[in-house]
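Here is my note on the model you sent, set out as numbered points. Please keep the structure open beside the text and look up each place as it comes up.

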Amino acid sequence: MGFKKVPVNRTMVEIHRRASDVMNNVVRSWDNVMGAVGLGGRRADYDDLHYEFVGGAKDELRMKHYDKSLRLLWKAEQHAPWSSFRDCSKLEKNLADQAEKALNKEESLARQRLTTQDFRALLDREYTLREKQAMVAILSAIGHGEAYAWLVSSDVLRHVKSSGAKASVTMQVLEEAKHFVVMRELVHAFGVPVPPFTGWEYILLEQILRARWLEKFFGMNIVVEGIALSIFGMIADFPGMEVLRLFHLDESRHTALPVNYFAEFPMTRWEKINPLSRFNRIRYVLPAVPLVFALEDDLAELGIDAFAFGGSILRKILHLSERAGFLLPLPGEWYIETLNAVFNGYCYATRPNHAWQRFQDADTTVGADVRKVEEAIFA
Ligand SMILES: [Fe+2]
Ligand SMILES: [Fe+2]
């Protein structure tokens with residue numbers, strides 16, 4: 001291009017360049033010293049010398065999570081047509097219209113029914129008032145959890161190393177935001193009052209939000225996501241709940257994030273065995289136990305045994321936790337057997353003709369699609 005050059009004073013240009021170099025050395029040296037003595041230092045974990053976040057590119061992590069999330073990105077307008085969401089692009093809408101034309105008459109009618117106010121009518125038809133209350137109690141428990149997942153993942157984003165991991169956690173933040181807003185509409189569609197947190201859930205989520213980042217990773221991606229995954233797997237086959245299969249798919253990716261992250265940036269031996277961290281991990285899981293008892297009545301209303309649900313969740317959480325390298329104070333088997341004894345003791349006391357069961361062997365996940373997703377994680 002024939003740019004018309006603007007004249008500059010070369011001496012002054014050189015002076016500015018040197019001043020900038022000196023200042024660069026001063027601020028970096030100052031921050032290096034302050035960082036080394038633990039008085040602060042550079043805030044951003046960003047490495048401008050290499051044009052990467054500290055930790056490098058880690059493209060494989062990015063491909064496993066960020067790229068995969070984008071590939072599997074779902075729009076509420078398309079998958080929850082009964083909701084108020086209008087998040088499809090023109091192209092996606094055109095594709096949906098084309099797909100609509102390919103449906104047979106019956107399928108098309110079923111879809112149209114869901115695109116109108118009739119979604120509420122479908123819920124009215126399929127669920128009694130008590131069943132709707134039970135669904136709302138369980139779904140809102142997850143819905144409140146989604147709010148915390150959104151907050152916690154945005155905190156974790158600040159701490160994970162490498163551009164790949166930050167891109168991966170960014171997708172989790174986006175997905176949790178979507179889960180929260182879509183879930184809220186789904187819960188409201190039942191048209192019954194939405195209960196607040198139970199005290200157990202309050203403790204569970206608050207202490208994870210207050211935890212140090214590595215423990216947040218355990219508390220959220222292993223414990224809370226493990227519970228969410230189990231609940232979505234349990235009810236995604238219920239009438240009108242098809243959209244939960246997509247939540248289930250997202251959460252399965254989130255539970256895999258710690259394992260994939262530690263493959264790139266392993267925890268130090270001290271981080272794994274630190275007695276205080278191990279004690280804290282069990283402290284984060286513990287409120288989930290009384291939560292199972294608190295949900296017993298609502299789960300029973302939907303034909304689900306709370307203790308089969310509790311046993312299968314504990315098995316899944318321990319599996320994820322061991323695989324990621326998050327050690328607990330005692331071996332996982334001890335918790336499984338102890339909790340099973342507690343559940344059986346309670347059932348002997350409250351259920352006529354109860355016979356000893358291994359609740360940890362139960363699997364409350366229903367439906368071929370969701371089972372396949374879980375097999376990939378828990379195999
Ligand atoms: Fe979520
Ligand atoms: Fe999640």
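1. I begin with a pair of neighbours in the sequence, helix 7 and helix 8, whose crossing is left-handed. Bear in mind throughout that this is a predicted model. Helix 7 covers residues 129–159 and helix 8 covers residues 163–189, and the two pack with their axes 8 Å apart at an angle of about 155°. Because angles over 145 degrees count as roughly antiparallel, that angle makes helix 7 roughly antiparallel to helix 8.

2. The loop between helix 7 and helix 8 holds Ser162, a residue that deserves a second look, since its phi is positive, at about 90°, although Ser162 is not a glycine. Is Ser162 buried or exposed? It is buried, because 23 other C-beta atoms lie within 10 Å, and the cut-off for that label is 20 or more.

3. A second residue of this kind is Tyr51, which is not a glycine and yet has a positive phi of about 55°. Tyr51 sits in the loop that joins strand 1 (46–47) to strand 2 (52–53). Its surroundings differ from what you saw at Ser162, for Tyr51 has 9 C-beta neighbours inside 10 Å and therefore counts as exposed, whereas Ser162 counts as buried.

4. For the chain as a whole, the secondary structure comes to 18 helices and 2 strands, and the C-alpha trace spans about 90 × 60 × 35 Å along its principal axes. Of the 379 residues, 34% count as buried. Among contacts with a separation of 6 or more, 74% are accounted for by residues that are 24 or more positions apart.

5. Which residues touch the most other members of the largest nonpolar core? They are Ile208, Val223 and Phe309, in a core of 75 residues. Helix 10, which runs over residues 213–235, gives this core its largest share, namely 13 residues. As background, nonpolar side chains tend to be buried together in soluble globular proteins. If residues up to four places away in sequence are not counted, Ile208 touches Tyr148, Val152, Lys216, Gly219, Met220, Val224 and Tyr284.

6. Helix 10 also packs with helix 11, at an angle of about 155° and with the axes 8 Å apart, which makes helix 10 roughly antiparallel to helix 11. The crossing of these two helices is left-handed. Among the residues that make the contact are Phe217, Ile222, Leu229 and Phe232 of helix 10, together with Leu244, Phe247, His254 and Leu257 of helix 11.

7. Helix 11 (residues 244–264) has another partner in helix 2 (residues 59–71), where the axes come within 9 Å and cross at roughly 155°. Helix 2 and helix 11 are therefore roughly antiparallel to each other, and their crossing is left-handed. On the side of helix 2 the meeting residues are Leu61, Lys64, His65, Lys68 and Ser69, and on the side of helix 11 they are Arg253, Leu257, Asn260, Tyr261 and Glu264. Notice that Leu257 is listed here and is also one of the helix 11 residues that contact helix 10.

8. Next, please find Ala80, in the loop between helix 3 (76–79) and helix 4 (90–102). Ala80 counts as buried because it has 23 C-beta neighbours inside 10 Å. Leaving aside neighbours within four places in sequence, Ala80 is in contact with Phe85, Val182 and Val243. From Ala80 to Asn260 there are 180 residues in sequence and 31 Å in space, C-alpha to C-alpha.

9. Compare this with Gly303, which lies in the loop between helix 15 (296–301) and helix 16 (306–324). Gly303 has 9 C-beta neighbours inside 10 Å, and so it counts as exposed. Its C-alpha is 40 Å from that of Pro275, and the two residues are 28 apart in sequence.

10. Finally, I checked the length of helix 1 (residues 10–36), whose 27 residues should span 39 Å at 1.5 Å a residue; the end C-alpha atoms are 39 Å apart, which agrees. How many of the 27 residues of helix 1 are buried? The number is 0, so helix 1 lies largely in the open. After helix 1 comes Gly38, with a positive phi near 75°.

How values were computed:
Residues numbered from 1 in each chain as written. Chains lettered and ligands numbered in written order. Predicted model: local features only at pLDDT ≥ 70, side-chain atom pairs only at ≥ 80, totals over all residues. Helix = DSSP H or I, 4+ residues; strand = E, 2+ residues; numbered from the N terminus. Buried ≥ 20, exposed ≤ 12 C-beta atoms within 10 Å, placed from the backbone. Core = buried A, V, L, I, M, F, W, Y, C linked by C-beta atoms within 7 Å. Contact = placed C-beta atoms within 7 Å. Expected span 1.5 Å × (residues − 1). Axes fitted to C-alpha atoms, helices over the stretch in contact; angles between N-to-C directions. Parallel < 35°, antiparallel > 145°, perpendicular 65-115°, else oblique. Left-handed = near helix turned anticlockwise from the far one by under 90°.
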